[in-house]
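Dear colleague,

Please find below the structure that I agreed to pass on to you. My findings follow it, arranged by topic.

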Amino acid sequence: MVRRMGVILNEAKTSIKQARKESFNFLGYTFGPHRYKKDGHWYLGASPSKKAIARIKEKVGDHLVSSNTGNWEEVRDRLNQILRGWSAYFSYGTRAAAYRAVRNHVYERVRHFLRRRHQVHSRGTDRFSIEAVFGELGVLQICRVEREHRS
């Protein structure tokens, strides 16, 4: 049927899976069996794929480099735009673990970026605490975006 429609499938990327037993990746999501961490039972669901999480981490890292010499407001606004777009796309399914991983990575990269920029010789956790980064410095905390969409 696919050939009659004129669609050519990539043999290397195409496979048939038992979705109730095996997970598969499609459009940045991992679909299939997921384990509920609180009690260990299995359910069918969707979550951002490991590759999608790695890509957003790479994009954040590429943005927060020492050669980015824009003022903090410009850097922060572009970072928030990146995070807002990613969290809007990945607003479906089980996403708490993915959001936590991205949020932790963003905090570490922002702290490191600001520590270098302001020549702080310590790790910078006092001056650039998690509350300061996601509070007064105005970096978007994607778990909050997720909650706002539900309201």
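**Findings: charged residues, sheet and core**

Arginine 111 and glutamate 108 both belong to helix α4, where they lie 3 residues apart, about one turn of the helix. Please keep in mind throughout that the model is predicted. These two residues form a salt bridge, in which the closest N and O atoms are 2.3 Å apart. Arginine 111 counts as buried because its relative accessibility is 7%, under the 20% cut-off. Glutamate 108, at 38% relative accessibility, counts as partly exposed.

How many salt bridges does the structure hold? There are 2. Besides the pair in α4, arginine 76 forms a salt bridge with aspartate 77, and here the closest N and O atoms are 3.2 Å apart. Arginine 76 has a relative accessibility of 18% and therefore counts as buried, whereas aspartate 77, at 43%, counts as partly exposed.

A further arginine deserves your attention. Arginine 115 is located in helix α4, which covers residues 96-117. This residue is buried yet has no salt bridge. Which side chain of opposite charge is nearest to arginine 115? It is that of glutamate 108, 8.3 Å away. A salt bridge requires the nitrogen and the carboxyl oxygen to be within 4 Å, so a separation of 8.3 Å does not qualify. Apart from neighbours within four places in sequence, arginine 115 is in contact with Val120, Ser122, Arg123, Gly124 and Phe128.

Histidine 118 is found in the loop between α4 and α5, the latter spanning residues 130-134. With a relative accessible area of 39%, histidine 118 is partly exposed. Residues up to four places away in sequence aside, histidine 118 touches Arg127 and Phe128. Phe128 is also one of the residues in contact with arginine 115. Histidine 118 and alanine 101 are separated by 17 residues in sequence and by 26 Å in space, taken from C-alpha to C-alpha.

I turn next to the strands. An open sheet is formed by 3 strands, in the order β1-β2-β3, with antiparallel pairing. The edges are occupied by β1 (24-26) and β3 (42-48); each has a single partner strand, so one side of each is left without a neighbour in the sheet. From one strand to the next, the twist averages 35°. Strand β2 (residues 29-35) is joined to β1 by 3 bridges, and the two run antiparallel. Which residue in β2 is the bridge partner of phenylalanine 24? The partner is phenylalanine 31.

Finally, there is the nonpolar core. The largest such core has 30 residues, and those with the most contacts inside it are Leu83, Trp86, Val106, Val110 and Val139. At least two residues of this core are supplied by each of α2 (50-63), α3 (72-89), α4 and α5. Helix α4 gives the most, with 8 residues. Valine 139 illustrates the contacts in this region: not counting residues up to four places away in sequence, the residues that it touches include Leu83, Val106 and Val110. Another residue touched by valine 139 is Arg76, the arginine that forms a salt bridge with aspartate 77.

Yours sincerely

Key
Residues are numbered from 1 along each chain as its sequence is written. This is a predicted model: local features need pLDDT of at least 70, side-chain atom pairs count only at pLDDT 80 or more; totals for chains, interfaces and linings use all residues. Side-chain values use heavy atoms; hydrogens and water are left out. Helices (H or I, at least four residues) and strands (E, at least two) are DSSP runs, numbered from the N terminus. Buried means under 20% relative accessible area, exposed over 50%, partly exposed in between (1.4 Å probe, protein chains only). Lys and Arg count as positive and Asp and Glu as negative; His and the chain ends are not counted. Contact means heavy atoms within 4.5 Å. Two strands pair if DSSP finds at least two bridges between them. Axes are lines fitted to C-alpha atoms, for helices over the stretch in contact, and angles run from 0 to 180 degrees between N-to-C directions. A nonpolar core is a set of buried Ala, Val, Leu, Ile, Met, Phe, Trp, Tyr and Cys residues joined through side-chain atoms within 4.5 Å.
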